[in-house]
Amino acid sequence: MYESAHLISSKTTTQFDEFPMRDEVADYPSHGDLREYFTDFAKHFGLIDGFSFDTEVIDTEVINDEQSSGGWLVTTRDADGNESTHQHAGVIAANGTLSEPTIPTFAGEFGGEIMHTSAYKSARIFTDKRVLIIGAGNSGCDIAVDAVHHAKSIDMSVRRGYYFVPKYLFGKPADTLNQGKPLPPKIKQAIDTRILRQFTGDPSRFGFPSRTTRSMSRTPSSTPWCCITRGTATCRCAPMSIGSKKLASASKTAASPNTT
Ligand SMILES: Cc1cc2nc3c(=O)[nH]c(=O)nc-3n(C[C@H](O)[C@H](O)[C@H](O)COP(=O)(O)OP(=O)(O)OC[C@H]3O[C@@H](n4cnc5c(N)ncnc54)[C@H](O)[C@@H]3O)c2cc1C
């Protein structure tokens, strides 16, 4: 996890109701806060004894033998490479859909360093480099904001327009507004679109393509624009190709209003 990572969902919408986060934790907790929270949660509910850390599940097999009580045979490998098989009544596969990085292949040759977000830790690696960030999802935007303090220049490549949601709206964490009173999707989208237009303006002024989807139909990105447009480095948005797929977008150098 990168040093600067903070949640994009605020603490009250992220925590389990029966085990709230500590009062000292900020509205948008850091990854360290979350690690502490999960550890405290596991201790509080006595879960730790049931876990085998640093252990990989390498095989699961359903037991079809009529003489046995059924269940599953689960084979694991620990950090020392020792394998063992145990019988369990059931298996829940919760291996995550995004735990394995997908690294795009590029046509032609590129002599620079290519790094997946999952390997990124600290913005110091960007010092005096020209940086291209592919994608303006939450991680891409976080890294752009980090890099702007160190890099010589930053470009972002995107294939569609994005909605950028400020972390606070009307003095409250943005995701806490209207909690518990869900609106019909179309009304919510219409209201959100208007609010975002007021708060963040039109991202196309930085070269991002116009948004073609409705707000909240895809995950929005949460980014402090003032950091992206900090005077020391300018973030530009431009199209590029990955393999045979062209990532469409406008190409325009962002104006840097020098906001800090
Ligand atoms: C930078 C960042 C910020 C985020 N911010 C937020 C946020 O603010 N709010 C929010 O709600 N979500 C956020 N998310 C998304 C959230 O982290 C994921 O949606 C969530 O972690 C998915 O949980 P999961 O249990 O499905 O998978 P994971 O958290 O990916 O857990 C899967 C686990 O399974 C393990 N595993 C995989 N294969 C095996 C195997 N064979 N044997 C044993 N173990 C295995 C993996 O090592 C991993 O530990 C963020 C994600 C990132 C990267």
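Which residues touch the most other members of the largest nonpolar core? Keep that in mind while reading; the reply comes in point 2.

1. First, the basics. This is a predicted model. The chain has 260 residues, and 19% of them count as buried. Its secondary structure comes to five helices and ten strands. If you look at contacts with a separation of 6 or more, 56% of them link residues that sit 24 or more positions apart.

2. Now for the core. The largest nonpolar core holds 24 residues, and A144, A147 and I154 are the ones that touch the most other members. Three elements give two or more residues each to this core: β4 (130-134), α3 and β5 (153-157). The largest share is that of α3, with five residues.

3. It's worth staying with α3 (138-147) for a moment, as this helix turns up again around the ligand. Seven of its ten residues are buried, so the helix is mostly covered. The buried ones are C141, D142, I143, A144, V145, D146 and A147. Two names in that list, A144 and A147, you have just met in the core.

4. Next, the ligand. Its shell has 14 residues, and the closest are L7, S9, V57, N95 and G96. Two elements give two or more residues to the shell, β1 (56-62) and α3. Sorted by class, the shell has six nonpolar residues, seven polar ones and one charged one.

5. Turn to β1 and its sheet. Three strands make up an open sheet in the order β1-β2-β3, with antiparallel pairing. Why do β1 and β3 (83-88) each have one side without a neighbour in the sheet? Both stand at the edges with a single partner strand, so one side of each has no neighbour there. On average, neighbouring strands of this sheet are turned by 20° against each other, direction ignored.

6. Here is how the pairing looks up close. β1 and β2 run antiparallel and are joined by six bridges, with D59 standing opposite T75 in β2. Strand β2 (residues 72-77) is also joined to β3 by six bridges, again antiparallel. Along that second pairing, W72 stands opposite H88, while R77 has E83 as its bridge partner. The hairpin of β2 and β3 has five residues between the strands, and G81 in this hairpin takes a positive phi near 85°.

7. Are the edge strands of this sheet covered or in the open? For β1, the number of buried residues is zero out of seven, so the strand lies largely in the open. The count for β3 is also zero, out of six residues, so β3 lies largely in the open as well. Set that beside α3, which is mostly covered. Both β1 and α3 nevertheless give two or more residues to the shell around the ligand.

8. Two backbone angles deserve a look. Most residues other than glycine have a negative phi. D54, though not a glycine, has a positive phi of about 50°. This residue lies in the loop between α2 (31-44) and β1. Is D54 buried or exposed? It is exposed, because just 8 other C-beta atoms lie within 10 Å, and a residue with 12 or fewer counts as exposed.

9. The second case is F170, another residue other than glycine with a positive phi, near 55°. You'll find F170 in the loop between β6 (168-169) and β7 (172-173). With 8 other C-beta atoms within 10 Å, F170 is exposed.

10. Last, a residue to look up in helix α4 (residues 185-200): L196. Why does L196 count as buried? It has 22 C-beta neighbours inside 10 Å, and the cut-off for buried is 20 or more. Have a look at F164 too: F164 and L196 are 32 residues apart along the chain, yet their C-alpha atoms are separated by 7.5 Å.

Terms used. Residues numbered from 1 in each chain as written. Predicted model: local features only at pLDDT ≥ 70, side-chain atom pairs only at ≥ 80, totals over all residues. Near = placed C-beta within 6 Å. Helix = DSSP H or I, 4+ residues; strand = E, 2+ residues; numbered from the N terminus. Nonpolar A, V, L, I, M, F, W, Y, C, P; charged D, E, K, R; others polar. Pairing = 2+ DSSP bridges. Axes fitted to C-alpha atoms, helices over the stretch in contact; angles between N-to-C directions. Core = buried A, V, L, I, M, F, W, Y, C linked by C-beta atoms within 7 Å. Contact = placed C-beta atoms within 7 Å.
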